[in-house]
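Student: I would like a close look at a single part of this model, a strand and what surrounds it. Please take the burial first and then work outwards.

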Amino acid sequence: MDPNLQASGPAPYPSPHQSPHQFPPLPRPVQGGPVPTRPGAEQSGWAHSGPALSGHALSGPALSGHALVKRFGTTVALDGVSLTVTRGESVAIMGPSGSGKSTLLHCLAGIMRPDTGEVVLHAGDQGGTDQRVDTMSERARSHLRRSRFGFVFQFAQLLPELPAEENIALPLMLGGVARRTAVEQAQRWLAPLGLAGLQKRRPGELSGGQAQRVALARALVTEPSVVFADEPTGALDQATGEETMGLLVSATRRNGAALVVVTHDPQVARACDRTVEVRDGRLLATGDGPMAVPGGRR
Ligand SMILES: Nc1ncnc2c1ncn2[C@@H]1O[C@H](COP(=O)(O)OP(=O)(O)OP(=O)(O)O)[C@@H](O)[C@H]1O
Ligand SMILES: [Mg+2]
């Protein structure tokens, strides 16, 4: 692990779970050398969360939506939206209820096909080619969602009968990783997300914040290229939500993943690098940086 990834400044949402020593290096090969720290990450205070990370370079586009249009009957949910997220970047999508935020997230994530427009998952540093998500078959999109994307929802949506470690390991097991290996990988996410000692607890034995941190770990365990979160703190109290959001932003950034967060909460948006606002299916404006104003003035 690159020691430079330790936080050098106070986190906006200080967490009792965060300490400089809780991110053990993973025993897997690091490709491409040390992870370059995203410019500005040090100042943000979010540079040190998440176990890991491989040699993802934190630059270049991760995912692009271009001129996305989506109609439901006569409702135009998306009316020509274009949005690109870069690797290591966190983008908040804000806007009134019914403005098209979730529809945008679903189109970008390959959950839903736009009527027109393109969604491109860009090739990583390790080679490969750009992939058109919007033209893929349902089956291919399903595979892509499991292998390249991570998801966090408002409610943790854990499987109640499985202990935390198996809930976290689930996406790996669905991808064919043996249970024991998957659980071992899952366990690496416990301490960084403040879940040490809770691996055997079932969801009913966890607090709301703990359950949502299990959901974060589940979203991150496959080391996705993009993490999508729809109101990830909506069911949590303010303090727990801020802490959870801080962990989500820092862990995705540290993994070199892009993060797309739909939220109504300006505090959540402030934790992101950039905010875009959707109104009536269109992107209004964007604001950059932690002080980005919803509705964006630049
Ligand atoms: N499956 C659907 N069938 C019909 N209309 C839909 C469907 N999904 C969304 N819509 C409509 O599309 C528009 C955008 O919905 P969307 O869920 O994207 O809004 P949102 O910004 O996420 O709202 P909220 O903040 O309430 O979650 C709304 O008018 C909604 O009623
Ligand atoms: Mg929504």
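Tutor: A residue is called buried if 20 or more other C-beta atoms lie within 10 Å of its own. The model is a predicted one. With that cut-off, strand 3, residues 90-94, is mostly covered, as five of its five residues are buried. The burial can be split by face: S90, A92 and M94 lie on one side of strand 3, V91 and I93 lie on the other, and all of these are buried.

Next come the strands paired with it. Strand 3 is joined by four bridges to strand 8, residues 258-262, and the two run parallel. Within this pairing, S90 has L259 of strand 8 opposite it. Strand 3 also pairs with strand 9, residues 274-279, again over four bridges and in the parallel sense. Here A92 is the residue that stands opposite T275 of strand 9.

The strand can then be placed in the nonpolar interior. The largest nonpolar core has 65 residues, and I93 is among those with the most contacts inside it, together with L216, A217, V226, L259 and V260. Helix 6, residues 208-220, gives the most to this core, with seven residues. In soluble globular proteins, nonpolar side chains tend to be buried together.

V260 shows how the strand is contacted. Apart from neighbours within four places in sequence, V260 is in contact with V91 and I93, and also with V85, L105, L108, V226 and F228.

A217, another of the residues with the most contacts inside the core, leads to helix 5. A186 lies in helix 5, residues 179-187. Outside its neighbours within four places in sequence, A186 is in contact with A217 and V221, as well as with E165, I168 and A169. A186 counts as buried because it has 26 C-beta neighbours inside 10 Å. A186 and E166 are 20 residues apart in sequence, yet their C-alpha atoms are 7.5 Å apart in space.

Last, the ligand. The residues around ligand 1 are F72, T75, A77, G95, S97, G98, S99, G100, K101, S102 and T103. Two elements give two or more residues to this shell, namely strand 2 (75-86) and helix 2 (101-108). Helix 2 gives the most, with three residues. By class, the shell around ligand 1 has two nonpolar, eight polar and one charged residues.

Conventions
Residues are numbered from 1 along each chain as its sequence is written. Chains are lettered from A and ligands numbered from 1 in the order in which they are written. This is a predicted model: local features need pLDDT of at least 70, side-chain atom pairs count only at pLDDT 80 or more; totals for chains, interfaces and linings use all residues. A residue is near a molecule or strand if its C-beta atom, placed from the backbone, lies within 6 Å of it. Ala, Val, Leu, Ile, Met, Phe, Trp, Tyr, Cys and Pro count as nonpolar, Asp, Glu, Lys and Arg as charged, and the others, Gly among them, as polar. A residue is buried if 20 or more other C-beta atoms lie within 10 Å of its own, exposed if 12 or fewer, and partly exposed in between; C-beta atoms are placed from the backbone. Two residues are in contact if their C-beta atoms, placed from the backbone, lie within 7 Å. A nonpolar core is a set of buried Ala, Val, Leu, Ile, Met, Phe, Trp, Tyr and Cys residues joined through C-beta atoms within 7 Å. Two strands pair if DSSP finds at least two bridges between them.
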